[in-house]
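Here are some short exercises to work through with the model open beside you. Try each task before you read its solution.

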Amino acid sequence: MERTELAGFAADLGGTKLAAARIEGGVVVERLLSPTDAAADPEAQVAAIRALLNRLGHSRGAPLGVAVAGRVDGAGAWHAVNRGTLPAILGFALEAEMTRATGAATCVNDAAGAALAEGLFGAGSRSESFAYLTVSTGVGGGLVLGNRLLSSANGMAGHVGFVSSRQASGPCGSGRMATVESIAGGRGIAAAAAAAGHPDSDARAVFAAAAEGQDWAGRIVATSAAAVAALIGDLAAVLGLDTVALGGSIGLAPGYIDRTRAALADEPELFRPILVPAALGHDAPLIGALAAHLRKENP
Ligand code: ADP
């Protein structure tokens, strides 16, 4: 598939923000954003997605890819993995419902969609063993091995934020303990800020405080980057990665990739894939979701 063939609509529902876009010639030509109502039930999330699509001029049956945080299983059902992020998503027939409501839709995990886009058109296009990592509300991933996106029937493949981290110690909303997501993602960063006496600081505020030179904030950002670097080393051991792309608002925040590279420098060479920002930036999940839809329609 050529990137220029991509035309249609896409949505990207994360734990913090909802984006929707109109895509022409493989490029986002119009984008709308709104905050995610994290506690909302799945019907309300579908309504929020549809509201943005309507404002973009979506017409029934137009090609549509929808990327969501959480796992999307082989039957198109949507389940939260971290119950702290989207607590009301407990197994909902998302793809069937979106298709009924809009005429045509394909639903994918957000990081898996982004990995597909980066693998086809971006940072992973020349890679044999590629990972896309998003550091956003949580930490997600997608793995493209030999030009194939790794998937599993239960939709869990690629959820690399839920592996154990030596930087972490507390509980994770997945039910596991001491995961990468619990220390490195936006919710983990905000929890670390609260524990350091800054209860009203979200991740964006922590980054701003770190940029001003406040030590408490610098330590929290450095710990997040160290956890992501260790995850990259672990994934390199398992998958022989040659390239890793970072996305998400934290992954793409100024200085974050440099801190991650600095932490990765402590790893032996074999465990240090090339680390680059997502070539498609914040558009990666949107472009990937639409690509997944067009692939499904025209196999
Ligand atoms: P989502 O998880 O909904 O896909 P994002 O990728 O925007 O959304 O990630 C949201 C997280 O990123 C939040 O924790 C937010 O505080 C944080 N964030 C947003 N902008 C920035 C920024 N400029 N610098 C650092 N963190 C940011």
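## Exercise 1: a salt-bridge network

Glu-30 is partly exposed, with a relative accessible area of 30% (buried means under 20%, exposed over 50%, partly exposed in between, with a 1.4 Å probe and protein chains only). Before going on, note that this is a predicted model, where local features need pLDDT of at least 70, side-chain atom pairs count only at pLDDT 80 or more, and totals for chains, interfaces and linings use all residues. Residues are numbered from 1 along each chain as its sequence is written, and side-chain values use heavy atoms, leaving out hydrogens and water.

Task: find which residues are linked with Glu-30 in a network of salt bridges.

Solution, step by step:
- A salt bridge puts a side-chain nitrogen of Lys or Arg within 4 Å of a carboxyl oxygen of Asp or Glu.
- Glu-30 meets Arg-22 at 3.4 Å, N to O.
- Glu-24 also forms a salt bridge with Arg-22, at 2.4 Å.
- The network therefore links Arg-22, Glu-24 and Glu-30.

## Exercise 2: the surroundings of Asn-109

Task: decide whether Asn-109 is buried or exposed, and find which backbone atoms its side chain reaches.

Solution, step by step:
- Asn-109 has a relative accessible area of 10%, so it is buried.
- Its side chain reaches the backbone oxygen of Gly-70 at 2.8 Å.
- The Asn-109 side chain also reaches the backbone nitrogen of Ala-111 at 3.0 Å.

Methods: A polar contact is a pair of N or O atoms within 3.5 Å; within protein, one must be able to donate a hydrogen and the other to accept it, and residues adjacent in sequence count only if both atoms are side-chain atoms.
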